[in-house]
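Pull up the coordinates and let's take a walk through the fold together. We'll go from sheets to cores to rings, with a stop at one loop along the way.

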Amino acid sequence: MGIFDALTTAVSGLSAQSYALQNISGNIANSQTTAFKRINTQFTDLMGDNLPSKQIAGGVLASSAATNNVQGDIQNAATSTFMGVNGNGYFIVQKPTDFNGSIPVFGGVNLYSRRGDFQPDQNGYLVNGSGYYLMGIPLDPTTGNPLGSIPQTLQFSNNLIPAQQTSQIQYNANLPTQPITTNTQSGVPGSNLLNPATFQSNPLVGPLAPATLQGAGATVPPTVVTGGAITFPLGSNGTLDLTGTGSQTIAFNAGWSAAQLQTAINGATATTGISATVNASNDLVLTSQDAVTPVTIGAGSTNLGTIGLVAGTNGPTDLINSGVVSVGQELLVTIGSNPTQTITFGNGPPVIRSVAQLDAALKGLTGVNAASTGVDPNGNIRIVASNTTDTIQITGGPPGNPTNIASFGITNAQAFPSNGTVYGVDQTNFLNETVAGGSITAYDGTGTPVNMQFRWAKADSASLGAGHTDKWNMFYQVNSNATNTQAAWTNVGVNFTFNSTGQLTPPMSTLSLTNVNINGQSLGTVAVVFGSGGLTQFSNTNGTVQVNLLNQNGASAGQLQSISVDQQGRIVGTYSNGRTVPLAEVTLANFNGQNQLKQLDGGAYQATADSGPPLQNATGKIIGSALESSNTDIADEFSKLIVTQQAYSANTRIITTTNTMMQDLLNVIR
């Protein structure tokens, strides 16, 4: 019986090595198959039941040993939907049981695979090279939250993502220590600051103030008295009692020249407010310091004829006689919603010929703050509204012969409340006194794009000395076509102050803009996020604002253009509006006994009792645009091939030897 047992054992050896050769062959054949897991061969000896001293080496049984727990190399791939698992875990997939036209019908049986060469098919499903369909958990494209907790077959159609209104703008910038604006003058301190006096409404941050119309550079002449011709040198002594802003008696002497007479009178100017000149005709000309100061020559003066004067009061300036206005000309003033009020120059009633009379008329207008309204001694009109909502407008009248309001220092005919708004009439000044701060396209609730522009105005500079700090105001444009009384830019309402090291003090990470409306498009409330240290003030030789970050979270509606895999293991969609939105989360399953999974065609696996149920505790990381290669090692397989071949040959020698011994036994019988 021993010879026949040896023959049987050798046959089992041949069978086992053939089994091993088959696995080696399959491993080598699949050395380039995506995510293929090689199958090793393990051998089990078969021992007959006998006393230990009687046991003999028996046959052998070959079986397969999976290497599902051995990862292949992760290699980059050009396809954005390819993915590889680095670590443990399996893609959850399904394979259709049928097709309804081109639409797959699934049987509800989950399978598992490491093969990640998924690509969209005609229906938007992600299918790998073996025909298995990827499963995962869809995400809400608006909120990014999971839509459920149970994986489902993923399908991405050419869907439309709704518009998202801008609610947040990320803004980082460096403001120059010394901005260079259009109005900046080299070597002139403060010329690069915004000057509220050049605006009809102060746009800088501050308390709400009523509209103020302020004239400057009026052309109303002072009181002028021209005497008769004088013979020089003077023929006699005398005195001049002169009264303007104050009174003083001035003596003159026989024999004086014109220069000596001028010097004597001008020596009292500090008291009288009256200056003197002698013109080419040798007339003595006395001029008051302004339009409201009269020139009075007292009756107690002596020998006035010597200097060509007569006693009496001259002035103050007559607006009509001086040619500033003519009889019947008007000032038309509108305060808020009040009816337009008219001031008429002439003999009245009321008589309005002097600056003082005009001053009284202005103070009597409805809707003005009388205490702050009037005309200064030089003829500059100032009108202040009585509340913080009214605007002021002044024009000359009547048609055909209007008053020249510039004569009273008025160059801007309108004034607005100081509420941090730049009006259309002030746009040129505003642009000349500020620097650009960047622009970005934002979106309203319907996805309509609006261009949101920012500008910075420096309001104060530490370089001006003690009591000054580096202070900035930020503005955004609300109407790109604003004219006249329409709001053009809005102040964000914050003083941005920087310390000597260029840091914002106090720090500010977020600024909330309410009721944002740009060119008629409402954005509601928008948070401007500066972050930590996002705003600084450092020297910049160009004098411009360096915007380092300017992003926003809004978008118009968009059509899905393509999908890809991000580094968080999510399927993300790229839309026609430029947004990249997470659409699904790829879930990985894990098994306690992963080498006990049943392998199916195409690199798929099926759970078994020995593998245990799928678990949601996979720690592997999904790598986008990558694939896991086969874990077959060609060199190792060749080594095993040599060993298998030798073992097979050795078993054939056993059979040959056994056959020879049996022939010898048969020959004995013969």
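Ile392 stands opposite Ala415, which sits in strand 28. That pairing belongs to the contact between strand 27 (residues 392-397) and strand 28, two antiparallel strands joined by two bridges. Keep in mind that what you're looking at is a predicted model. Zoom out a little and you'll find an open sheet of four strands, ordered 24-23-27-28 and paired antiparallel. Which strands stand at the edges? They are strand 24 (341-344) and strand 28 (414-415); each has a single partner strand, so one side of each is left without a neighbour in the sheet.

Now head for the C-terminal part of the numbering, to strand 41 (residues 580-586). Is strand 41 mostly covered or mostly uncovered? Mostly covered: five of its seven residues are buried. Strand 41 pairs with strand 40 (residues 570-575), running antiparallel over five bridges, and one spot to check is Gly573, opposite Val581 of strand 41. The two strands make a hairpin with four residues between them, and Gly578 in the turn shows a positive phi of about 90°. Strand 41 also pairs with strand 11, again in the antiparallel sense, this time over three bridges. Look for Pro138 there: its bridge partner in strand 41 is Ala584.

Strand 11 leads us nicely to the aromatics. A search of the whole structure turns up 17 aromatic pairs. Take Phe106 and Tyr133: the ring centres are 5.1 Å apart and the planes meet at 75°, so this pair is edge-to-face. Since Phe106 is in strand 7 (residues 103-106) and Tyr133 in strand 11 (residues 133-138), the pair ties together parts that are 27 residues apart in sequence. The two partners differ in how covered they are: Phe106 is partly exposed, with a relative accessible area of 23%, whereas Tyr133 comes out at 6% and counts as buried.

Compare that with Phe430 and Trp489, whose ring centres are 5.2 Å apart with planes at 40°, so the pair is tilted. Here Phe430 comes from helix 5 (residues 427-432) and Trp489 from strand 33 (residues 487-491), so the pair links parts 59 residues apart in sequence. Both Phe430 and Trp489 are buried. For a charge over a ring instead, find Lys95, which lies over the face of Tyr132 at 4.6 Å from the ring centre.

Next up, the interior. In soluble globular proteins, nonpolar side chains tend to be buried together. The largest nonpolar core in this model has 31 residues, and the members touching the most other members are Tyr171, Met452, Trp456, Phe496 and Leu535. Several strands feed this core with at least two residues each, among them strand 14, strand 31 (449-460), strand 32 (470-477) and strand 35 (510-518). Phe496 is a good residue to centre your view on: leaving aside neighbours within four places in sequence, its contacts include Trp456, Trp472, Met474, Leu511, Phe530 and Leu535. There is also a second, separate core of 30 residues, with Val324, Leu331, Ala361 and Leu365 among its members. As for rings, Tyr171, Phe454, Trp456, Trp472, Phe496 and Phe530 are linked into a cluster by ring pairs.

Finally, that loop. Asn192 lies between strand 14 (168-176) and strand 15 (212-214). Is Asn192 buried or exposed? At 7% relative accessibility it counts as buried, because the cut-off for that label is under 20%. What does the side chain of Asn192 reach? The backbone oxygen of Pro179, at 3.2 Å. Beyond residues up to four places away in sequence, Asn192 touches Gln178, Pro179, Thr181, Thr184, Glu433 and Lys458.

Leu194 lies in the loop between strand 14 and strand 15 too, and it's buried, with a relative accessible area of 4%. How far apart are Leu194 and Lys458? In sequence, 264 residues; in space, 6.1 Å from C-alpha to C-alpha. With neighbours within four places set aside, Leu194 is in contact with Phe199, Pro203, Leu204, Phe430, Glu433, Thr434, Ala457 and Lys458. Phe430 on that list brings us back to the tilted pair with Trp489.

How values were computed. Residues numbered from 1 in each chain as written. Predicted model: local features only at pLDDT ≥ 70, side-chain atom pairs only at ≥ 80, totals over all residues. Heavy atoms only, no water. Buried < 20%, exposed > 50% of the residue type's maximum accessible area, 1.4 Å probe, protein only. Polar contact = N/O pair within 3.5 Å; in protein donor to acceptor, adjacent residues only side chain to side chain. Contact = heavy atoms within 4.5 Å. Core = buried A, V, L, I, M, F, W, Y, C linked by side-chain atoms within 4.5 Å. Phe/Tyr/Trp six-rings, centres within 6.5 Å; stacked < 30°, edge-to-face > 60°. Lys NZ or Arg CZ within 6 Å of the ring centre and 35° of its normal. Pairing = 2+ DSSP bridges.
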